[in-house]
Amino acid sequence: MRLLLLVFFALALSANAADTSFDTAVKPVLTKSCVPCHNDRMASGSLNIQQYNTLSSIEPGRDQWETIVQKLRTGEMPPKGLPKPSLDTVNAFIATVKQEFERIDRSTPADPGRVTARRLNRVEYSNTIRDLLAVDFRAEKDFPTDDSGHGFDNIGDVLTISPVLMEKYLTAAERIASRALGADPLPKPVEIAYESKNKNIRRIGRGLVEATHRVDFDAEYQLIIGLPGERAKDAAPVKLGFWMDGKLIHTQMAETKPSGLNYFNPYSEETFKLYLPEGDHVFRAGFIDDDFVKTLNEKEAFSDKKNKFLNMIKFIGPYPAKGEKASRKKVLVCDPKTGGAPCVEKIVASMARRAYRRPVTKPEVAGLMNFVRMGQADGQSVEQGIQLALQAILVSPHFLFRIERSPNPNDPTKVHRISDVELASRLSYFLWSSMPDEPLQVLGETNRLHEPSVL
């Protein structure tokens, strides 16, 4: 009983001290500097400060008191032409009100609110596909522009899914799954040429040509560069470069002196093979460090008898790529042809765990295995069945959204800490706008991430 009385006495003293501080440090400033313009009769700026002349008004009027403190701190109030309180008076005013803010915060039950399911924006989607499957997918070219709020395009409450975007997700999932596994047979090779006579190639100065070309499949392609003209009999070879989207991806030496094969129409070709990723790309071919062309005028630079120049880029393909793609290594954690059903289930579970960024349940894996069986029932290979399951994973809300579950979703008063798995995703998408890497995900799944030394 004595302890209880002491507690009540201490609380009473604290309340009295706060009232005294308010009466001495806050109320005089309000009365002298604020109330003359903000009162019942003349509420300048639609603000009547007379209703905020007691300590008890701070808690229900928190937002307005925040504004009052800000106006005094910045010197915006009182306005120019009116007497201003001294700096010490203003500091005492702010310290007293902030002290009351802190007391209110300490005594108010924690209410972090609800966490909105956050859709991956275009940058996060592209980065996640890259880290999940080693596939370069440019969401900014395929998906509509993300909604933004307050200058940010990753706010959960703002990011929506339109019917158009959902359709784009379905198309993208099919393309990405096909590119990752490459289980579908390639079509017969075709030739597509960009050349000066067809006016579908661009000249970039004297020594470069450029064309925009869509590569339909991740595959190997034969490239043929057309080189009309010739230089002197003692002309030196020149380094030929080939660029994709501004990046130099191949070089080789090209002969420029006469070949003697066709005196009247000198012409030669340079051929090479490259692996090209699916998508729309800008390709460029040209001579590197070619000093000879600098000695020619514009007419001579494109004369068959004076110079060797470029006028064609031809693509022939697709052909199966040599070696195993990095994306297949990401997906096929075992060989489904020799490992049978247990291996296929392991592949599907591994894909889902990484894509959903959390451990997956047996029913979830069983549901995805139905897609594998569905594909095989239609006469497809086991890899094509896995590809179909991957396609389903990529349109799942568990992949497209970052979902944090509440253990008590129907009781808004319940407060809980997010799980370590959810914390791992918060960290990764905050730090590098992509999914957790393996060490981070393992720390989340083993519930070690929240430990201060680990975090």
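In the predicted model, the count of cavities of 30 Å³ or more comes to one. The largest cavity holds about 30 Å³ of space. Its lining is formed by R203, G205, R206, G207, L208, V209, F302, F309 and L310. Sorted by class, this lining comprises five nonpolar, two polar and two charged residues. Two of the lining residues, L208 and V209, fall within the range of strand β4 (residues 208-215).

Strand β4 also takes part in the pairing around strand β9. Across eight bridges, β4 and β9 are paired in the antiparallel sense, and V215 has G279 of β9 as its bridge partner. A further antiparallel pairing, over six bridges, joins β9 to strand β6 (residues 238-244). In that part of the model, M244 stands opposite F283 of β9. Strand β9 spans residues 279-288, and seven of its 10 residues are buried, so the strand is largely enclosed by the rest of the structure.

The largest nonpolar core contains 43 residues. Within this core, the members that touch the most others are Y125, L133, V331, I386, L394 and F399. Two or more residues each are contributed to the core by the helices α4 (122-133), α6 (163-181), α9 (336-356), α10 (362-377), α11 (382-394) and α12 (397-400). The surroundings of L394 illustrate the packing in this region. When neighbours within four places in sequence are left aside, L394 is in contact with I129, L132, L133, A173, I176, A177, F399 and L400. Of these partners, L133 and F399 are themselves listed among the core members touching the most others.

Another core, of 24 residues, lies apart from the largest one. Its members include A211, I225, F242 and F283. F283 is thus a member of this other core and also the residue of β9 that M244 stands opposite.

A buried polar side chain was examined in helix α14 (residues 438-445), where Q441 is placed. With a relative accessible area of 3%, Q441 lies under the 20% limit and is therefore classed as buried. Neighbours within four places in sequence aside, the contacts of Q441 are with R353, R354, R357, R358 and P436. Two of these contact residues, R353 and R354, fall within the range of α9 (336-356), one of the elements giving two or more residues to the largest nonpolar core.

Key:
Residues are numbered from 1 along each chain as its sequence is written. This is a predicted model: local features need pLDDT of at least 70, side-chain atom pairs count only at pLDDT 80 or more; totals for chains, interfaces and linings use all residues. Side-chain values use heavy atoms; hydrogens and water are left out. On a 1 Å grid over the protein atoms alone, a cavity is a set of points where a 1.4 Å probe fits but cannot get out, and a pocket is an open set with protein on both sides within 12 Å along at least five of seven lines; lining residues have an atom within 4 Å of a point. Grid points are joined across faces, edges and corners, and a volume is the space filled by probe spheres set on the points. Ala, Val, Leu, Ile, Met, Phe, Trp, Tyr, Cys and Pro count as nonpolar, Asp, Glu, Lys and Arg as charged, and the others, Gly among them, as polar. A nonpolar core is a set of buried Ala, Val, Leu, Ile, Met, Phe, Trp, Tyr and Cys residues joined through side-chain atoms within 4.5 Å. Buried means under 20% relative accessible area, exposed over 50%, partly exposed in between (1.4 Å probe, protein chains only). Helices (H or I, at least four residues) and strands (E, at least two) are DSSP runs, numbered from the N terminus. Contact means heavy atoms within 4.5 Å. Two strands pair if DSSP finds at least two bridges between them.
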